[in-house]
Structures are given as structure tokens and as C-alpha cells.
Amino acid sequence: MEKTPASGARLIFGYLGVFLIFEGIVTLLPITMLIFYGQEWRAFPSFLIPGLIALAIGLGLYFPLIHNRPRSRFKKREDALLLTLVWLTAVLCGAFPFFLGGFFGQAKMSFSEAFFESMSGYSATGFTVFPNEAFLDGPDVTGYCSHLYLFHRAVTHFFGGIGLVLVITSAISDRYNLQLYFAEGHNDRLLPNMRRSAKLTFAIYFAYIALGTFAFFLAGMDPFEGFCQSTAALATGGFSTRSTGFFWYAENAALGTYTGFGVTPWCSPIAFEVIAMVLMFLGATNFILHTYLFRGKIKQFLKDCEFQSMAIFIVVFALLMMFSLTYLYTDTDLETMIGLNWGDSFRYAIFTTVSSMTTTGFTNCANLMQLGEVAYFVMIILMIIGGGVGSTGGAIKQYRVVILVKELYWWFRDNLVSSHYIHPHPVYRLGKTREIGAKDLRDTTNFALLYLIVLSLFALAIMMLPGIRVQEGLFTSASALSGTGLSIINFFEYRAEFSYTYDLLLWIVSLAMLLGRLEIIPIGSALIRTISAPIECYKERRTLRQINS
């Protein structure tokens, strides 16, 4: 007898089981690092316990609910509900290794901190409350099992950056995966076939990380660090293996306390930063444009509106920031303005601009507070603009910003001529000149307005906490919602001074990171579906009772 097609709650939780199986395997991956760092064996249970639990729950949901059963299409908003559940369960699975670490002698983190760290990893943001002692420059790398936890952070960036749904789609085939694929924010496909498109995207992603790791190695970086830094850069995440990011390499190379990986006879912190910028730029570029590079279609790549806009923004804002740093840069005590020479100003400005625009969050300076007010303003603007559509970057996205700027130009132009004259509204994107219609303009304007409203609300919520000023609230909101991770709030200092609202700050920022990663709308749809489903069920039952009576 043919089974009834899975639909509704059965379909949602059956698919959730598939994702939990995947997430359980991901949680177990850091255990493989024991092959190289066997002395960190004490962290083994921190990953084994949540990984096996996720696998068990996933199998328990998948086989009874949808295994060998035909599946119907998602109903309205069900795809958004499943997508939200997938991301929340992934973050929970990623949080427990951090939380359990305190019970097995590693770095102690509260559940709020563990959830925040995991959310920052999977949303490819880069905010961190990871203990400074647990980084590779900490006092006891083995005691804190740093390599396993740093690899775990890199893994969350790896899968979160490219998208959990996309990774699953490359492994399983289902004709209805397309709804989830678009709900996660992937608006373009590389190939007509869904599964092949996902696999090609994954292959490009992995190849860039491999090349980045090798490039870092040639420049004098340890292969483990090279992989972690490459993953964070391409995922536009920002988790670093050093407590002060790329500044640590430059500072310690200058002091002679870091001479690079033993195999290579040199260490080049400048090369590290250049490699990171290239990877950040690639990560924030639409993956379809990468296929043009591989096919030698350089002209189409250079003409694309997103590439041109990103290049223009980077040049303009980097020059503005560079000029300001020559007189606004302050000493490390944050009290005396000393300014910088043109060389150092350019280095800090270009790296910070690329990091902000691509929503990565890497830094090459000791403290963002040193850069001055102009730099804060530039970074906020860039974090709101963000990377390209179909990339690992976040925020409003380049294509939408291009449409908004062009719409402003078209509005001025059309007001200067007769209303009987009709102007075209062309945009060159992905190898074609496209006509922007009224629906495109309306959707873009509405999303940008919604984004700015949500950003303002989160900024207000953060500013309502004690000890946080306007610029800190706005900067943190823009950074969290865009998935950048740059921060002018020192979370450890805030915890010491305002411990009673510290957890609340972490949960507010965590929610902002989730909303930003899923581009706001799926979360709203999931909430509506959650609220409306019981009401619809009640109405259906009442109607049936009335018919039967």
C-alpha cells in the first residue's frame, strides 16, 4: 500500500532530522584534530556527547517521519519555519562543545557565551567572547585544548558561510529543496540543476580555502592557522587564531618573537594581510561571477555592477579613512592624537575598508578605538552596504545598493524631462543588461527600509543597556546585523563592570546576527507560521464539526 505523502509537521521535522544528522557529524569533526594534537585529548567528550545526541535525535526523526515516504511541497511559510529551526539547532549543537568545555577542564564559558560564540560562527559574523588565554598566543595552549576549539570555530564558519542548506543540497537530492535554497538567501544558481549548482559552489568554496591555506603557508604561517584564517576570510567570518587578529603577527614579527612556520625561512605579516584581503574580496563576490573568471570572461566580470560598485566603494572610503588616520589616529592609551605616516595609514585603511565592506571583521590594528570618529562612520556605512548577492557577505547587499543609487539618479533625470519621454532603467549584471522594473524597485526599497528599521531597533535596544553610548550601540547593531563582527565594545570589560546585563547584551546581539544572516524575512515568516498554524488547525476542526453536525 502506497504511503501518504509527508506534509506539514511530519515533513518539517523529518527534514529537521536530516539536518540534525549532518549537524551531529559536523560537531564531531574537531575530534579528528587529535591525530595531530593528541595531547588535547581531554576535550574529546565536549564534542562527542553533543555530536552523538544530535545524530541520535536526527535518526529518530528521519526514519519514522519521511524515510521511504513521498514528500509534498512546503505550504506557505513552512520553508521559512524549517530554515529557522535548522539554524537554531545548528547553533545549539555548536554551542555545547564550548559550554561543556568547562566541565572537562578547558576554557570555561557560560551557556549564553557558548550560544553567542556558536551563533557568531555559524552566521559568519566573528564577534567573540572566546577567552584570550585559549588562543594560540595564550599561556597554555594544551591545557585549553586550543587547537580543537579553534578548529571547531573554523568549522562553524566553513558551513555557516556557504549556507547550511546549500551544503545539504550538495549531498542529497530533492525536487523541493529549491524553496529552502532561496529562503536561505541564495538568489542565483550557478547551473540549472539544483544539486549540480550546489556542488559547484561547494567546490569553488573549498578550492579557494585550499589555495588560501597554501598561500599563507608560503608566506610563513602554520598550516593549521592558515586553514583557520582562510576559512574565516572566505566565509567573511572573522574568527582568528590569535587574540588580536592580524595585528598580532605584525607586532610580534617586529619584536622578533614570531618568525613564522619552521619550514619556511621567512615571515611576512604584510603578505598575510594581502592574502586575507584577496580571500575576503572573493568571499564577498557573487559565486556566479567566479565562474566567469574560470571561463576567461574577464570583461563580463569587470563590467558587472556589483564588482564595479565594490571597487568604487573600497577606493573612495579607503582614501577617506587613510586621510583621516594621518591626523586622527590616537596612541594606545586612547588619549593622545599622534597621527600616522602615509604608509601605515594606507595599510590600516585599506585592510579595515575591505574587512568592513566584505562584512568579515578582521583587524590589523591593536584597537579600533585608535582609528578615530571618521573611521567609525566609514565602517558603519560599509557594514550597512555589505557584500554581493549570492556571496558569503551580509547586509543590504551590493546589488540592492546599486539599484537604490541608480533609482535616485533616474528620479533626478526623469524630473528634468517631459513626462511623455520614457527612459530605460538598465543594469549590467551577471553577463547581461537587465531592465529594472517597478517590482524590483519596490522590493529593493522595501527591504532596505526594513533593514534600516531593524538596525535602528537593535541599536536602540543595545543603547538602553547601561554603559553603552550611541556610537557603540549603532556600531554594534550594524556589525551584528551585517555579520561583520567588528566591535568597539570590549565584552570582557563590559562583563566585569555590568555583569547583570552582560548576558542580555549577548542575547540581543545573537538575535541580530541570526536575523541578519537569514535576511530578516524568513524569521518573520517562521513566527507567523508558528502563530497561525494552531489557529488554522482549530478553524479546520471547527468547520469539520459544523459539517458533521
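A residue counts as buried here when its relative accessible area is under 20%. The model to which this cut-off is applied is a predicted one. Of the 549 residues in the protein chain, 57% are buried. The chain holds 22 helices and two strands. Among its contacts with a separation of 6 or more, 72% are between residues 24 or more positions apart.

Burial can be followed first in a pair of rings. Phe130 is buried, and Phe135 is buried as well. Aromatic rings are paired when their centres lie within 6.5 Å, and planes over 60 degrees apart make the pair edge-to-face. Under this rule the structure has 44 aromatic pairs. The ring centres of Phe130 and Phe135 are 5.3 Å apart and the planes stand at 90°, so this pair is edge-to-face.

Aromatic residues also gather in a group. One aromatic cluster is formed by Phe216, Phe246, Trp248, Tyr249, Tyr258, Phe272, Phe351 and Phe362. Trp248, a member of that cluster, also has a charged partner: the charged end of Arg242 sits over the ring of Trp248, 3.8 Å from the ring centre. A second arrangement of this kind involves Arg400, whose charged end sits over the ring of Phe447 at 3.9 Å from the centre.

Next come the helices. Helix H5 (146-162) follows a loop that begins after helix H4 (111-122). H5 has 17 residues, and the distance from its first C-alpha to its last is 25 Å, close to the 24 Å expected at 1.5 Å a residue. Because 17 of the 17 residues of H5 are buried, the helix is largely enclosed by the rest of the structure.

The backbone on either side of H5 can be described in turn. Cys145 lies in the loop between H4 and H5. Its phi is positive, about 55°, although Cys145 is not a glycine. With a relative accessibility of 0%, Cys145 counts as buried, because the cut-off is under 20%. Just after H5, Gly163 takes a positive phi of about 105°.

A further positive phi occurs between the strands. Leu430 is in the loop between strand E1 (426-429) and strand E2 (432-435). Its phi is near 55°, a positive value in a residue other than glycine. The relative accessibility of Leu430 is 7%, so this residue too counts as buried.

Helix packing is illustrated by H15 and H16. The axes of helix H15 (residues 342-357) and helix H16 (residues 373-385) come within 7 Å and cross at roughly 35°. On the H15 side the contact involves Thr352, Thr353, Ser356 and Met357, which meet Met379, Leu382, Met383 and Ile385 of H16. By type, the residues of this contact comprise five nonpolar, three polar and no charged.

Last is a contrast between separation in sequence and distance in space. Arg517 belongs to helix H21 (residues 499-517). Arg517 and Ala124 are 393 residues apart in sequence, yet their C-alpha atoms are 8.1 Å apart in space. Arg517 has a relative accessibility of 15% and therefore counts as buried.

Conventions: Residues numbered from 1 in each chain as written. Predicted model: local features only at pLDDT ≥ 70, side-chain atom pairs only at ≥ 80, totals over all residues. Heavy atoms only, no water. Phe/Tyr/Trp six-rings, centres within 6.5 Å; stacked < 30°, edge-to-face > 60°. Buried < 20%, exposed > 50% of the residue type's maximum accessible area, 1.4 Å probe, protein only. Lys NZ or Arg CZ within 6 Å of the ring centre and 35° of its normal. Helix = DSSP H or I, 4+ residues; strand = E, 2+ residues; numbered from the N terminus. Axes fitted to C-alpha atoms, helices over the stretch in contact; angles between N-to-C directions. Contact = heavy atoms within 4.5 Å. Nonpolar A, V, L, I, M, F, W, Y, C, P; charged D, E, K, R; others polar. Expected span 1.5 Å × (residues − 1).
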